[in-house]
Amino acid sequence: MKTESGPRKLSVHINADAQQVWVMLREPKRLAQWHGWELDGLDEEIKEIYFAGAVESPDHKKLTLGNGDTFIIEPVEDGVQLTLERGLLDPASEMAHWDKDLTEGWTTFLQQLRFMLERHPNTPRQTTYFSADSVPEGGLLQSLGLSDLPEPGEPYEATLSTGESISGKVWFRTEAQLGLTVQSYAEYGDGLLILATMPQLMDERPDGGTQVLITTYSLGAKSLAAIREAWDGWRTQYFPSSEPLSTRSRSRDELPVR
């Protein structure tokens with residue numbers, strides 16, 4: 001499923017009810033299961049973004065963040081339409097320089113929220129993250145052997161250049177991002193792989209950038225290490241001077257019981 005977009009708006013359909021979505025926006029430990037990826041300081045980031053200066057509507061259908069971004073929850077016949085309306089920015093501000101990055105980040109996070117609610121509402125995630133200020137020759141998807149994939153919602157099978165054979169469904173696709181469910185990335189059900197080509201920035205990354213975000217669930221240490229080793233081999237081949245993969249996982253007792 002594609003993430004709908006407009007000049008300052010992102011929208012995603014979620015197979016859940018409005019109260020479930022609201023809880024995911026207002027409980028810090030729930031937010032930590034879909035916002036961003038596991039890293040030191042994630043809890044503080046969540047408090048700053050979702051609670052500092054935030055305004056809740058009385059009916060729990062609208063949440064305006066301190067920076068002016070607004071979540072709107074609209075119940076529909078088959079679930080919820082969740083829309084993020086981006087706040088206005090001062091064109092001369094530092095945040096305006098990173099605005100395209102922020103929009104791509106929200107695109108990823110909305111899809112992670114959708115995935116968590118629909119597939120793993122009560123299971124702690126395990127994340128593996130990588131970013132680089134460059135793009136492989138021929139493009140990110142070609143470097144992974146993913147140039148030929150079906151439309152969102154359709155099943156796929158692929159052998160990645162990491163050495164993994166993966167299968168699942170195309171979760172979403174935008175001009176810059178691809179999301180795939182991956183059956184081998186969870187003990188039960190599936191995990192999520194999001195690949196993103198980041199916008200060009202004249203000083204920081206004139207040719208664009210690369211992001212990979214892998215979300216796995218309930219994998220044992222051996223299985224998780226094998227996935228990370230495979231992706232680290234791809235990283236060192238295409239980005240030999242890049243930072244290592246970012247890995248951290250929360251324990252089950254960090255996730256509230258419903």
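**Helix 1, two nonpolar cores and Gln 112**

Biologist: Which residues of helix 1 are buried?

Modeller: This is a predicted model, in which local features need pLDDT of at least 70 and side-chain atom pairs count only at pLDDT 80 or more, while totals for chains, interfaces and linings use all residues. Residues are numbered from 1 along each chain as its sequence is written, and side-chain values use heavy atoms, with hydrogens and water left out. Helices (DSSP runs of H or I, at least four residues) and strands (E, at least two) are numbered from the N terminus. With buried meaning under 20% relative accessible area (exposed is over 50%, partly exposed in between; 1.4 Å probe, protein chains only), the buried residues of helix 1 are Ala 18, Val 21, Trp 22, Val 23, Met 24, Leu 25 and Arg 26.

Biologist: How many of the nine residues of helix 1 are buried, and which residue caps its N-terminal end?

Modeller: Seven of the nine residues are buried, so helix 1 is largely enclosed by the rest of the structure. At the N-terminal end, a side-chain oxygen lies 3.2 Å from the backbone nitrogen of Gln 19, and the residue that provides this oxygen as the cap is Asp 17.

Biologist: Which element gives the largest share of the largest nonpolar core?

Modeller: Such a core is a set of buried Ala, Val, Leu, Ile, Met, Phe, Trp, Tyr and Cys residues joined through side-chain atoms within 4.5 Å. Of its 28 residues, Val 21, Trp 34, Phe 71 and Leu 82 touch the most other members. At least two residues each come from strand 2 (9-14), helix 1 (18-26), helix 3, strand 5 (70-76), strand 6 (79-85) and helix 5, and the largest share, six residues, comes from helix 5.

Biologist: How many residues does the second, separate core have?

Modeller: This second core is separate, and it includes Phe 130, Ala 132, Val 212 and Ile 214. Its number of residues is 26.

Biologist: Where is Gln 112 placed, buried or exposed, and which backbone oxygen does its side chain reach?

Modeller: Gln 112 sits in helix 5 (residues 99-119) and is buried, with a relative accessible area of 5%. Leaving aside neighbours within four places in sequence, Gln 112 is in contact (heavy atoms within 4.5 Å) with residues including Trp 34, His 35, Arg 125, Leu 192 and Thr 215. At a distance of 3.1 Å, its side chain reaches the backbone oxygen of Gly 36.

Note on methods. Polar contact = N/O pair within 3.5 Å; in protein donor to acceptor, adjacent residues only side chain to side chain.
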